[in-house]
Amino acid sequence: MDYIDLRSDTVTKPTPEMREAMATAEVGDDVYGDDPTVNKLQAKAAEMLGKEASLFVPSGTMGNLIAIMAHCARGEEVVCGDRSHIYMNEAGGMSALGGAYPHAIPNQKDGTLRLEDIRNAIQPDDQHRAVTRLVCIENTQNVCGGIPLTVEYTKQVGELAKEYGLKFHIDGARIFNAAAALDVDVKALVAPADSVMFCLSKGLASPVGSMIAGTRGFIAKAFRLRKMLGGGMRQAGALAAAGLVSLEKMTGRLKQDHARAKKLFEALKQVPGLRVEAKPSSNMVYFKLEEAIRLTEDQVVEEMKKRGVLVDWSAPREFRLVTHYWVDDAGVEKTTAAMREVLAQGG
Ligand code: TLP
């Protein structure tokens with residue numbers, strides 16, 4: 001069966017143009033810095049982000065970990081959101097592998113960290129305390145609804161970090177979605193940060209890979225750390241070729257995914273048994289099952305699958321559906337019809 005897959009935008013398969021570019025990519029040994037396609041991708045990503053340099057890494061998780069390890073010594077603190085991916089969903093890597101200590105503060109409903117909370121989390125110069133070294137924000141903020149954080153807010157966090165001599169990292173797994181949602185140049189969203197990570201393999205549809213960007217000095221450190229973590233890649237140009245298509249062709253079309261998410265939101269609002277609260281501002285639709293629905297989350301997943309639609313739940317009674325390149329208008333309609341049928345049976 002050809003499934004409509006809304007579990008994440010990580011499920012995107014490469015486009016035909018990517019497969020062609022991958023098949024014909026010029027490659028070399030990237031551990032020697034010899035892969036021309038990887039080098040081209042790294043130059044292109046740095047230029048688009050307005051940073052001095054960038055590095056191709058196997059995943060967003062590794063990109064965030066490398067950035068944290070490049071900025072922090074063992075025992076140093078990272079101020080981050082309690083609903084951020086680096087805190088919730090990276091297997092504790094910053095502590096287990098980097099020796100860094102997360103100081104989580106509440107993500108607000110709009111995805112931000114309150115400036116006051118960041119300020120209060122910064123440790124005083126006292127031998128009993130850890131040294132605060134880094135502040136991280138996530139844009140778009142996934143678990144808060146795929147919300148984009150504005151240029152103005154990011155600037156304020158940057159100024160605060162500077163005031164206290166902290167480094168500033170953005171987990172921008174979906175930073176191009178944020179730029180599209182806010183209608184701003186991505187450069188403006190990342191300018192205040194010392195480092196940024198973004199993913200090629202989510203809404204940009206590449207099969208594998210993320211980028212980290214920052215100063216030349218930061219990237220030189222990151223290159224060594226990538227090797228240390230086992231992420232040195234050889235003829236990675238075959239993957240980088242897809243990444244170039246992502247940057248050249250896919251960044252400009254994300255608004256279509258956002259429009260479909262809105263369409264799905266409007267349609268699901270009419271389905272009895274669902275509570276669809278916040279209008280999506282990027283490519284994610286979050287909803288809850290009403291009390292009256294007796295089906296468990298797993299039963300909803302199973303019943304939807306039988307009808308050709310893959311969905312996933314994100315918290316008890318809560319689901320997240322993510323639109324992407326491979327979900328068209330017919331997919332939105334099929335999903336809504338399937339959900340209506342499943343919940344009508346389970347109410
Ligand atoms: N997010 C995935 C899952 O891990 C939850 C998803 O389906 O959304 N930062 C953010 C904000 C992310 O959402 C993700 C992946 C990552 C980092 C990690 O990227 P990968 O999966 O490439 O390690």
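Student: Which way does α2 pass α11, left-handed or right-handed?
Tutor: The crossing is left-handed, meaning the near helix is turned anticlockwise from the far one by less than a right angle (clockwise would be right-handed). Helices here are DSSP runs of H or I with at least four residues, strands are E runs of at least two, and both are numbered from the N terminus.

Student: And what are we looking at, before I go on?
Tutor: This is a predicted model, where local features need pLDDT of at least 70, side-chain atom pairs count only at pLDDT 80 or more, and totals for chains, interfaces and linings use all residues. Residues are numbered from 1 along each chain as its sequence is written, and side-chain values use heavy atoms, with hydrogens and water left out.

Student: OK, what's the angle between α2 and α11?
Tutor: About 30°, with the axes 8 Å apart; α2 covers residues 36-49 and α11 covers 237-250. That makes the two roughly parallel. Axes are lines fitted to C-alpha atoms, for helices over the stretch in contact, with angles running from 0 to 180 degrees between N-to-C directions. Under 35 degrees counts as roughly parallel, over 145 as roughly antiparallel, 65 to 115 as roughly perpendicular, and the rest as oblique.

Student: Which residues in α2 meet α11?
Tutor: From α2, Thr 37, Val 38, Lys 40, Leu 41, Lys 44, Ala 45 and Met 48. They meet Gly 237, Ala 240, Ala 241, Gly 243, Leu 244, Leu 247 and Glu 248 in α11, with contact meaning heavy atoms within 4.5 Å. By class, that's eight nonpolar, three polar and three charged residues. Ala, Val, Leu, Ile, Met, Phe, Trp, Tyr, Cys and Pro count as nonpolar, Asp, Glu, Lys and Arg as charged, and the others, Gly among them, as polar.

Student: What about α12 and α14, what's their angle?
Tutor: About 25°, with axes 10 Å apart, for α12 at 254-269 and α14 at 329-346. They are therefore roughly parallel to each other, and their crossing is right-handed.

Student: Which residues meet there?
Tutor: Arg 260, Lys 263, Leu 264, Ala 267 and Leu 268 in α12 meet Asp 329, Val 332, Thr 335, Thr 336 and Met 339 in α14. That contact has five nonpolar, two polar and three charged residues.

Student: Switching to holes: how much space is in the largest pocket?
Tutor: About 460 Å³. On a 1 Å grid over the protein atoms alone, a pocket is an open set with protein on both sides within 12 Å along at least five of seven lines, a cavity is a set of points where a 1.4 Å probe fits but cannot get out, and lining residues have an atom within 4 Å of a point. Points are joined across faces, edges and corners, and a volume is the space filled by probe spheres set on them.

Student: What lines that pocket?
Tutor: 19 residues, with Cys 144, Gly 145, Glu 277, Ala 278 and Tyr 286 nearest its centre. Strand β10 (284-289) gives the most, four residues. The lining splits into eight nonpolar, four polar and seven charged.

Student: How many cavities of 30 Å³ or more are there?
Tutor: Two. The largest has a volume of about 70 Å³, and about 40 Å³ lies in the second largest.

Student: Which element gives the most to the lining of the largest cavity?
Tutor: β5, with three residues.

Student: And for the second largest?
Tutor: Helix α8 (175-182), also with three.
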